[in-house]
Amino acid sequence: MKKQQNILIIGAGLCGSLLALRLGQRGYNVSVFEMRPDLRKVDISAGRSINLAFSDRGNKAMKLVGLEDQVKALCIPMHGRMIHDAHGNTFQSNYSGRTHEFINSISRGELNALLLDEAEKHENVKIYFNKKCKSVDFENTTALFKDYKSKDEFLEDADVIIATDGAGSALRKSYYLGKKFLFSFSQAYLTHGYKELSILPKDNGDFKIYKNALHIWPRGSFMLIALPNLDGSFTVTLFLSYDEGTYNFNNLTNDERVLEFFSKEFPDALAVMPNLLEDFFTNPTAPLGTIKCSPWHYKGNTLLMGDAAHAIVPFYGQGMNASFEDVVEFDAVLDENLSSWEATFKTFEKRRKKDTDAIADLAIDNFHEMKGHVNQAIFQEKRKLEMALEKQFPKDYTSKYALVTFNEDIGYREAMLRGRAQDKAILNLLADKKIDINGDLKTILEQVKQETEAILEDD
Ligand code: FAD
């Protein structure tokens, strides 16, 4: 595959801008077409998750393109979950017993802007805004665009088209509607949606609640979370059913009801959200879903990547991280100099899909864990034990959360299988009273390891 080949990327979001940068670094001619205006010039954050949890898999991609330090400057470390109970009491549950393992809150806009700036520094990368892809002719490797300003339609030709145009991907729709090959596609919505709210900074710019944690108000069938921003504010997200339960998005329709809901369920959050009603009735309510499909590519012509190939629910904080990891994995396949784009795409999908399927399933598991399990005594005992094991035996024990989030050397699927077996082992041992969390940790570690191996063998 000659370097001077023309690669067309659809979508300049997080994955597309990183991919453009990496392919630019590798010497390809890259054209990126983005439907929205340039976010460095126009504020277009409304309605999208304003900040995100950024962790080691995403950071691996930043190292690959040489941006680790610049991205670090945009990050606020979050060492654990700060759980807020219904009475306003709080306790922190760390993400790991190893102090160097934590996640970060990062602004979507700032990160995207940095990636666009860096991509554009390469003469061989061109980014065009306000150009919406309407469809892709994957047999002839052309894409049809509409210019939002002039309203003109135009066709772009390329050697290869890679779609990083998110969950509503135009290429994926073209695969599906084209019916030219066996394309499998599934989309599963949760019955819950989300709405973004905010906790503004104090008058002096300080944070109103503890800065270095991911705050959670778990309430069984719904929850509120908050992630810090560099300006002293928090982006708060309410995850709630559309139509089930006493309070739901469909019946929170007036000021009194929203205030009643928050004063009953989240009184300490309400106390720092004087702007609640304005946010609630201004910001959209959006659905949450999982998209799986295959194949991701058509011959050597076109490829789906990022959310376009595998959109997931946000509860593991891994959608962006997984999309960034796609670029790292794709880059590793390019290093192998396979004989054709078809072989490259095929190898990439074969290695990657099992892992993106796994993180999709793990993200659903974590939805239940965050909104409910974190409040249960046995779950809290398990987390306490895991923290102690990680602290005392940092090389011998790694929890499921840490395997998924901090262990970028193994894939999501391996992390899922080992992590689930460990969870089951500890919960079994605790339920059967075979371990006492105040007992000898070395003995407990051995018991957990034995039980885990037995479960893995059975599965
Ligand atoms: P996108 O970010 O969706 O980018 C797609 C781009 O393509 C956009 O710029 C779009 O304008 C453009 N586009 C779309 N259609 C077209 C078209 N037809 N023509 C041209 N351009 C087009 N992930 C994490 O890792 N951590 C988190 O904490 C986290 N929190 C989240 C919270 C919420 C509420 C949600 C919804 C998601 C969260 N995610 C998180 C997931 C993360 O947002 C996505 O996985 C990530 O944005 C995927 O990047 P992408 O570039 O593939 O897609």
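**View 1. A right-handed β-α-β unit is built from strand 1, helix 1 and strand 2.** Welcome to this predicted model; we start at the beginning of the chain. Helix 1 covers residues 14-25, and strands 1 and 2 run over residues 6-10 and 29-33. These two strands pair in the parallel sense, with 5 bridges between them. To find your bearings in the pairing, look for Asn6, which sits opposite Asn29 of strand 2.

**View 2. Strand 2 also pairs with strand 8.** Follow strand 2 across to strand 8, residues 125-128. Here, too, the pairing is parallel, and it has 4 bridges. A handy landmark is Phe33, which faces Tyr128 in strand 8.

**View 3. A shell of 33 residues surrounds the ligand.** The closest of them are Gly11, Gly13, Gly166, Gly306 and Gly319. Several elements give two or more residues each to this shell: helix 1, strand 3 (51-54), strand 9 (131-137), helix 9 (307-310) and helix 10 (319-335). Helix 10 gives the most, with 4 residues. If you are thinking about the chemistry around the ligand, the shell divides into 14 nonpolar, 14 polar and 5 charged residues.

**View 4. The chain is assigned three domains, listed here with their bounds.** Domain 1 is made of the segments 6-75, 107-187 and 289-367. Domain 2 spans 190-287, and domain 3 spans 376-458. Between the C-alpha centres of domain 2 and domain 3, the distance is 33 Å.

Conventions: Residues numbered from 1 in each chain as written. Predicted model: local features only at pLDDT ≥ 70, side-chain atom pairs only at ≥ 80, totals over all residues. Domains from an automatic or database assignment. Pairing = 2+ DSSP bridges. Right-handed = clockwise from strand over helix to strand, strands pointing away. Near = placed C-beta within 6 Å. Nonpolar A, V, L, I, M, F, W, Y, C, P; charged D, E, K, R; others polar.
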